[in-house]
Amino acid sequence: MNFQRMETRQKELLYDLLKEFPEYIDEIEKNGINNLRSESVEKIIDILLTAFTNYGLEEDDEPNKYGLEIEDLIDIVNDAD
């Protein structure tokens, strides 16, 4: 899925999770999700995995709704590499 076809909710969530890292938002805006530097992809994945671990799991370690949304973002960003 390319960034232009990314759902509005996904883009909003991604940008919310990256708000402390505006350089990645700028790179996405400038180059698109499919043209990120590999170092950026790795760092963004790290940020997403941290959010997934901290907020995306139920007590039984199954993903909650938020976790499933983060998993989708991880897939999208991973496909960009």
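**Fold, surface and one buried glutamate**

Q: What radius of gyration does the protein have, and what would a compact globule with 81 residues have?
A: In this predicted model, the radius of gyration can be set against the value for a globule. A compact globule with 81 residues would be near 12 Å, and the protein agrees because its own radius of gyration is 12 Å.

Q: What does the C-alpha trace of the protein span along its principal axes?
A: The extents are taken along the principal axes of the C-alpha trace. They come to about 40 × 20 × 20 Å.

Q: Which pattern does the protein follow along the sequence?
A: The protein has zero strands and four helices. Read along the sequence, the pattern is therefore written with helices alone: α-α-α-α.

Q: Among contacts between residues at least 6 apart in sequence, what percentage join residues at least 24 apart?
A: Contacts between residues at least 6 apart in sequence form the set considered here. Within that set, the share joining residues at least 24 apart is 52%.

Q: How far apart are the mean positions of the positive and negative charges?
A: The protein carries 8 positive and 22 negative charges. The mean positions of these two sets are separated by 8 Å.

Q: Is Glu69 buried or exposed?
A: Glu69 lies in helix α4, which covers residues 65-80. Its relative accessible area is 16%. Buried means under 20%, so Glu69 is buried.

Q: With which residues is Glu69 in contact, leaving aside its neighbours within four places in sequence?
A: Glu69 belongs to helix α4. Once neighbours within four places in sequence are set aside, its contacts are Arg9 and Leu13.

Conventions: Residues numbered from 1 in each chain as written. Predicted model: local features only at pLDDT ≥ 70, side-chain atom pairs only at ≥ 80, totals over all residues. Heavy atoms only, no water. Helix = DSSP H or I, 4+ residues; strand = E, 2+ residues; numbered from the N terminus. Rg over C-alpha atoms; globule rule 2.2 N^0.38 Å. Contact = heavy atoms within 4.5 Å. Lys, Arg positive; Asp, Glu negative; His and termini not counted. Charge placed at Lys NZ, Arg CZ, Asp CG, Glu CD. Buried < 20%, exposed > 50% of the residue type's maximum accessible area, 1.4 Å probe, protein only.
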